[in-house]
Amino acid sequence: MDEQQSESLLNIVDRDYDMLMSSMQVSVSKHLLDEYFTMIWSNDFYYQLIRYSKEEYVDTFHNRPDIYYRYHHYEDELERIRNATMEALENDHPGYSVITRMPIKGGLAGRSFQTLYFAAHQHR
């Protein structure tokens with residue numbers, strides 16, 4: 001398989017994965033493992049869940065969960081996610097699961113079961 005065919009196949013898999021998660025109404029987002037947990041992608045249901053449009057989220061929070069959680073006064077929840085992330089990385093685990101409160105526009109919070117898997121190039 002040449003590089004162009006491989007790229008095309010990856011695009012199809014990504015599209016199908018997004019459609020599956022959306023049809024199941026599962027919020028999915030991808031983040032860098034930087035100090036801000038910068039979000040690099042999310043599906044539409046993520047924005048429905050937090051009640052912000054994609055444009056509003058990007059403009060207000062610059063794809064930075066640290067700003068988002070701080071804005072909603074949920075720094076403690078982000079710290080729980082950070083701690084779980086660091087513990088999993090330090091113990092060479094492929095990911096983790098954690099239940100947290102997810103800030104939602106309007107001052108509400110919902111329970112969120114978050115499962116994270118590290119991309120191979122980030123984990124190793």
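This briefing covers the residue Tyr-69, the helix H5 and the nonpolar core to which both contribute. The model is a predicted one, and the values below are computed from it. Tyr-69 lies in helix H4, which runs over residues 65-71, while helix H5 covers residues 75-90.

**Tyr-69 and its surroundings**

- Tyr-69 has a relative accessibility of 6%, and because buried means under 20% relative accessible area, this residue counts as buried.
- Once neighbours within four places in sequence are left aside, the contacts of Tyr-69 include Tyr-74, Glu-75, Glu-77, Leu-78 and Ile-81, and Arg-101, Met-102, Pro-103 and Gln-114 are also in contact with Tyr-69.
- Met-102, one of these contacts, is 33 residues from Tyr-69 in sequence, yet the two C-alpha atoms are 8.5 Å apart in space.

**Helix H5: length and faces**

- The 16 residues of helix H5 should span 22 Å at 1.5 Å a residue, and the C-alpha atoms at its two ends are indeed 22 Å apart, so the expected and modelled spans agree.
- The buried residues of H5 are Glu-77, Leu-78, Ile-81, Ala-84, Thr-85 and Ala-88; seen down the helix axis, these buried residues fall within an arc of 125 degrees, and therefore they line one face of H5.
- On the face of H5 turned away from that buried side are the exposed residues Glu-87 and Glu-90.
- After H5 comes Asp-92, a residue with a positive phi, near 55 degrees.

**Glu-77, a buried acidic residue in H5**

- Glu-77 has its place in helix H5, and with a relative accessible area of 5% this glutamate is buried.
- Apart from neighbours within four places in sequence, Glu-77 is in contact with Tyr-69, Thr-100 and Arg-101; of these, Arg-101 is also in contact with Tyr-69.

**The largest nonpolar core**

- The largest nonpolar core has 20 residues, and those with the most contacts inside it are Tyr-46, Ile-50, Tyr-57, Tyr-68, Tyr-69 and Tyr-96.
- At least two residues of this core are supplied by each of helix H2 (44-50), helix H3 (54-61), H4, H5 and strand S3 (95-104).
- The largest share of the core, four residues, comes from H5.
- As general background, nonpolar side chains in soluble globular proteins tend to be buried together.

How values were computed: Residues numbered from 1 in each chain as written. Predicted model: local features only at pLDDT ≥ 70, side-chain atom pairs only at ≥ 80, totals over all residues. Heavy atoms only, no water. Buried < 20%, exposed > 50% of the residue type's maximum accessible area, 1.4 Å probe, protein only. Contact = heavy atoms within 4.5 Å. Expected span 1.5 Å × (residues − 1). Arc of directions from axis to C-beta. Core = buried A, V, L, I, M, F, W, Y, C linked by side-chain atoms within 4.5 Å.
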